[in-house]
Each structure stands twice: as structure tokens, then as C-alpha cells.
Amino acid sequence: MDGWNFIRLVHALRQVSLSISSQDILDAQICLARFPDLSAKQITKSIFVHRPQDAAIFETVWRILLQNPESSTSNDSDDETKNPEENPDSSGIGGKGVGRGSGGVSLTVKGNNLDSSNISNLMPFARLEELTGSELGFEDVVKKVLAEMDYYSWINSYDLAYQRGNLSEETWYAHQDRRDSLNREIRQRVMTAQVSKENSWEPLVRQHWLFKSLNTLTEKEKELVKSSIRKWARKLAFRPGSRWKTSHRGIIDISRVIQESVQWDGLLFHLSYRQKMPRASELVVLCDVSNSMAAFVEFLIYLVTCLRARFRKIRLFFFIDSVWDVSEFVCDDDLSGVKQEIKSTGDKVSSGFSDYGEVFRELAENRLNDVSSRATLVILGDGKNNYRPAQTEYLAQISEKVRNVYWLNPLEIQEWNERDNMMHEYQKYCSKVYRCRSASDLQKIVQDVF
Amino acid sequence: MTSPMDLAKVLEEEGYLIDKEAATTLFLALALEKPCLIEGPAGVGKTQLALALARAEKRKLIRLQCYEGLDLSKALYDWNYAKQLLRLQLSKTEDWDEVKVDLFSEEFLLSRPLLESILSEEPVLLLIDELDKSDEEFESFLLELLAEFQVSIPELGTISSKTKPVVILTSNNTRDFSDALRRRCIHIYLTYPSLEREISILRSQAPELSEQLAKEVCEFVARVRKLPLQKLPSVSETLDFARALQALHKEDLNYSELMGTLSVLLKYPKDIAKLEERLKKWEAESSQRR
């Protein structure tokens, strides 16, 4: 591996949020010099990848940088890994004009013979470039490419066959593997096209689990976010408040020990201890669980569950156009019941369209009586009120009753000013308003709010 | 060992089959004298890899099993208070300044695994097992040991290692580690072996199994691992399952005869019920094929 490619690789990996220290660079250089027989990719991967989830990012960067002919033509004339099959001009089985009108090959015809080598011929790079050139986002481009390949008909036919019992489980699993590998391959190719088009690593950063929108995460990425939430919550658990309280454990409370010993003529019979009190005494969480919000609710509840030790009392309310109390979920580590609850109760008690004004009225009139004035209220909602009255006076009333009101909104800030969005009205009564769209937003909120 | 292939070969001689990628990463960690952090689900052979490496490299194995609440007095060192008291009783006539210095000398130091690995004269492999179960403070404390192979004891100062130990850390991913710890280690992620590799593992660990049974058991376990279970069967459970079938004098694996043996493979009643349900379907499928 020559020095130029090495520098490009390090630079690219750093751009896509892999932390590579100078020591890592030194180690990699030592190994590359000492073991010329070993593959450069294997060496750099071993040294630069410190987390399991970074392995996939490394693979993508390596592929774009050192295996992809499109992006390297301008820079590397001596790229040894150049693959002639990936040339956009090649007229393989998936060349332009074959199969469906826009250039792809129908999977319903080719699907059964699909393997990783002919996946690359299914969609010409030129078509990918054309699609990435449009205004569509990454996920939309992927969906469009898959649709052009007839992917959805292909998987539906297998799903139906499996449901009817016409497909053995073995064939079904083999199909699932093919489906995953095709999906992965298409995502990689779209990513390559986007990086090439934008001439920056920004598209890859946007697909990093930390910066990706919470409602587009894969199951694996969801697990990563949850694991990070656990880590952040754990750190917070070590950050107690400044006030002390008598306790059965903790550090010895000298003044109290002396005070008590006076009763027994200076003799000590037992020690008293004290501990720092949690920072906030009560947390009230209000979550909009209408369809568009479901993916975000899951993570906020998970965060609250992880933080439960820090609060004397946590109350959790779900709402759509009316409020219902679901505080029992905070004590349950397994959140599988949450989705069920949203579906079953949500269908019963609401019309399905959010009504913030009505919810704030109900909260102020019926639910706030037994909430402490030192409580913190966290609202998770997009602020879309479906053109119903804002009834801001009730939020003002709530804001006066509790110590802080924080609003977490999963929409982009520019969307807060859309016509049916009441954020501009409500945010006047909040202590602070945050965008809460990705894991990285959530991390910032954890540090600021809790 | 001059190459990853050499390393894989000596590990195989010790009964551990490692794939090429993991062998290369481990080889580089040994070459750079850096700690190696092995992550992966329970039962994929993380600890076994460390044990096999200790045998292959003829290093004394020192193992520190981590748990919640593990602290320095159990992991690094403690003072021998009883011995210190005895020393004090004997020293009534001596000068206090002299006794004071004497009381915190190496003679009264109780070495725990970490200190033992630093002080050892002979080559050592230090296995810090299931680090994810320990607290974050303990993780931070390890940084000095992992980076410099030294520890600091306030009463004695800094103690550096006599022979650089090979350090292997394992984790089941129940929590994430800090960047600082990860940066100091070379990372290996082990996952369940491929079908061919698992058959080879079974053949090498249990040569008494027939080729047919080993193959069928591994194929069956590979199928089971695709089910949405709470805990997927580990390699050691595959081995136990195969041995259980062997003990029942089974020559091959028949779905209809597996009831009662599944608890060797799966550990949660819910998982067993799920698999029993699935077995009926698989049995029907295989009889259709016949």
C-alpha cells in the first residue's frame, strides 16, 4: 500500500467518525513494513477498527477508495484492485436497455440465479448516478433502485409462497440471505454513487448510526443506540446532585455520629451514613405516540428506563389527542410491551390525529395536581397539531407549575415553521427546545437535560 | 511464530481452530505487544482462545474474572493486615519511623492477579475475562496497565512489568467500553463459526463422534441459530448436544427423537418450546422430501 493511499484511507476513516490516533498510524506503518506478505487491508482493518460496528464502515470506505473504479479514475491510475466488471460502460447482463425500461434487470426473472457476482450487473452505475443526482435522499434512492429491479415483487412472491407452505424453511432462509446480500450490495452502490457525486464523505457520515434518523435505523443499529444510551445513563448515575441525605450506606456522617454519641455519654453504638441526593426529584415524560412518532418514542422510553435510578419518581404519559398514564413501563427493562400498548390503547382512546392543545388542557386540569413543583417535564412531539387550536394558555400554566419544560422534536428545525406545526407557539413556554432526530441529538440532550 | 498461519497452526495443535482474519489480528496484536480485546456473543470461544494461546506460547495463565463491584483490593493488591498487626505487636521497643516504613513494604503486600502478572519472572498471559461485567472505574484503572504495562501503588510507587505479559480481555458486549480503553487494544470480534469450521471443531474436540452425526448436529445447530431465540446455542453447547446424542447411541440426527435432549442445547424454556414447535415443521418437511 503506497503512502498516498494510506493517507487517503486514514483521512477518509477520520471523516466518517472513526477515531484513529497517531499511535494507530504508527502501529499500522510498523506492521505494513514488517509484514509485507500480509494483505494491507487486513493489517489496516485490524489496527484501525476498534469496535465491531466500525468494521462495516471500514469495508465501505475501503471499497469506495481502493476498489471503486469510478471514484479512483481521477486519482489512481495504478489501482491494483480495479475491477473491470464494475465499469459503468460494460455491457453485461444488466447493461442499459436490458430488462426494465430504466436500465435494471427484473429480479422476478433473475432472482433465483442471484449471487454476489451478478448483483453488480443488475443496476448500471450510470443509472445510480442519475438517481443520486435527483433530489431524493439515500433511503428513497435505495427504495427506487430496488423497485426498478422488481425487488418488491420478488420478495412478495417468496413471502407468499412461504406463508402458504409452498416453500421449505431451508429455501426460505437461503432466500433471506440472498435478500440481505442484495440489499447490502445496493446500499453500498448507492453510497458509492453519492460519495462520488458529492465528492465528500458526508453521505457516509449521514448513514452512521449516530447521525442517522432514529426512524430509519436497522435492528442492529437500534441495538447500538440502546447500548450507547445505557452507557450515557450509566455515566449520569455517577453524577449525583449537591444536596446530602441520611442513608443506610454511603460515606460516614461525622457530625451526626458525634451528635448521636452525646446521648450515650460519648460512646458509639452505630455509625450514621449520608449520600448525595439525585439532582431532580421528579420527572414527567409526555410522549406523542401518533404513527410518525413511534420510532422516536421507543428510544426516549428506553433512556428514561435507564435513568430511573436518578429520580425519586418518574411519570410517563402517552398521548395522541388524549392522555393516558403508562408509568409502569418505566420499571420494565423489556420494552416489547410498549409498542403493544401504543397500538392497543392508542386505537381505543384516540382518533389517531395529534391534538396538543387538548392534551395540554387535560394535563393541566387533571394530571398536574400531584406533580411536584420541582419536577422536570420532558415533551416528545413533532408539534404538528393538525390545524387544531394551539391552546397555549394550558402549556403556560404547566410551565409555571413545574421547574423546567424541555421539548424534544424529531423534525428538522426548518420544518417547525410549517403551517400545521405549532412549535413556534409552544416553544415560548419551554425552558429549552431540542431537535431529537438522531442518536447524536439524544446524546446532547442527555448531557444538557438530565 | 512468523506469520498468522503459524499462529493458527500452533493454536490448532492446542485444539483451537481460528479463522484467518482473527488469526491475523491476533498475530498483529502479539507482534505489536498490545493487549487484545476479544468481543462476541457468549460461547463462541473467546476464553478458550486465550487458554489455547497460553498453552501454545508456553506462558503461565493468570486469570482475572470480572464482576460488578470488582475493586483494586481484589484485582491488584491488598495489604496483609493480620501480618501488619503481628509486626506491630513485635515492634513495641523499636523506633516508630522505622516500623512505619517497614509496614508498607513488599513483604506485607498481597498480590492479586494484575500485580502478579506484572511481578512475574516467567512469561505470563493475563486473561481479564468478561470485562464488561466490571464497573467503569475499574475500566479506567486498567488504562495504565494496558498502555504501559505498569501499575501505581500509592505507598510503593510505580511498578513496571518484568516480562511483558500478553494481555487478553474478553467481553460479551453487555456494555460498551470507553474510547480510551479501545484505543489501547487491538480488537477481535468472534462470532459463531461457519458450518465447516464447527464440524472441524466437533471432530477435533470429540473424535469419538461419527462423521455423519457431527455433520448432522452442526447442520441442525446452524438452523437453530437462525431462529429468533433469547440465547443462541454456543459451540460448547453444540459439543454437549452431540455428546448427549452419542450417549443415547444415536448414529444420526432424527427430528422426531430429539424431544428431551433439547435442554442440552438451549437454556431457556421459552426457547425450547419454540424449537419443539419448529421441529414438527422440519420433520414434516423432511418426511415430504423422503
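## A predicted model with chains A and B

Take I168(B) as a starting point. Setting aside neighbours within four places in sequence, I168(B) is in contact with C36(B), I38(B), A50(B), L125(B) and L127(B). A second core lies apart from the one around this residue, with 57 residues, including V284(A), C306(A), V323(A) and F360(A). This is a predicted model.

I168(B) also stands out in the largest nonpolar core, which has 99 residues. The residues with the most contacts inside that core are C36(B), L125(B), I168(B) and V217(B).

**The sheet in chain B**

Two strands of chain B come next. Strand β1 covers residues 36-39 and strand β8 covers residues 166-171. They pair in the parallel sense, over four bridges. One bridge partner can be named: E39(B) is matched in β8(B) by S171(B).

Both strands belong to an open sheet of five strands in chain B, in the order β2-β5-β8-β1-β9. The pairing is parallel. Which strands stand at the edges? They are β2 (60-65) and β9 of chain B. Each has a single partner strand, so one side of each is left without a neighbour in the sheet. On average, neighbouring strands of this sheet are turned by 20° against each other, direction ignored.

In general, strands of a sheet pair through backbone hydrogen bonds, either parallel or antiparallel.

**Domains of chain B**

The domain assignment splits chain B as follows.

| Domain of chain B | Residues |
|---|---|
| domain 1 | residues 4-73 + 116-189 |
| domain 2 | residues 77-111 |
| domain 3 | residues 195-289 |

Taken over C-alpha atoms, the centres of domain 1 of chain B and domain 3 of chain B are separated by 32 Å. Their contact takes eight residues from domain 1 of chain B and 10 residues from domain 3 of chain B. On the domain 1 side of that contact in chain B, four residues are nonpolar, three are polar and one is charged.

**Where chain B meets chain A**

How many residues of chain B are in contact with chain A? There are 20 residues of chain B, in contact with 24 residues of chain A. On the side of chain B that touches chain A, four elements each supply at least two residues: α2 (20-31), α9 (179-183), β9 (186-189) and α14 (269-289) of chain B. The largest share, five residues, comes from α2(B). By class, that side of chain B has six nonpolar, three polar and 11 charged residues.

Strand β9 of chain B thus appears twice: at an edge of the sheet, and among the elements that touch chain A.

Definitions and conventions
Residues are numbered from 1 along each chain as its sequence is written. Chains are lettered from A and ligands numbered from 1 in the order in which they are written. This is a predicted model: local features need pLDDT of at least 70, side-chain atom pairs count only at pLDDT 80 or more; totals for chains, interfaces and linings use all residues. A nonpolar core is a set of buried Ala, Val, Leu, Ile, Met, Phe, Trp, Tyr and Cys residues joined through C-beta atoms within 7 Å. A residue is buried if 20 or more other C-beta atoms lie within 10 Å of its own, exposed if 12 or fewer, and partly exposed in between; C-beta atoms are placed from the backbone. Two residues are in contact if their C-beta atoms, placed from the backbone, lie within 7 Å. Ala, Val, Leu, Ile, Met, Phe, Trp, Tyr, Cys and Pro count as nonpolar, Asp, Glu, Lys and Arg as charged, and the others, Gly among them, as polar. Domain bounds come from an automatic or database domain assignment. Two strands pair if DSSP finds at least two bridges between them. Axes are lines fitted to C-alpha atoms, for helices over the stretch in contact, and angles run from 0 to 180 degrees between N-to-C directions.
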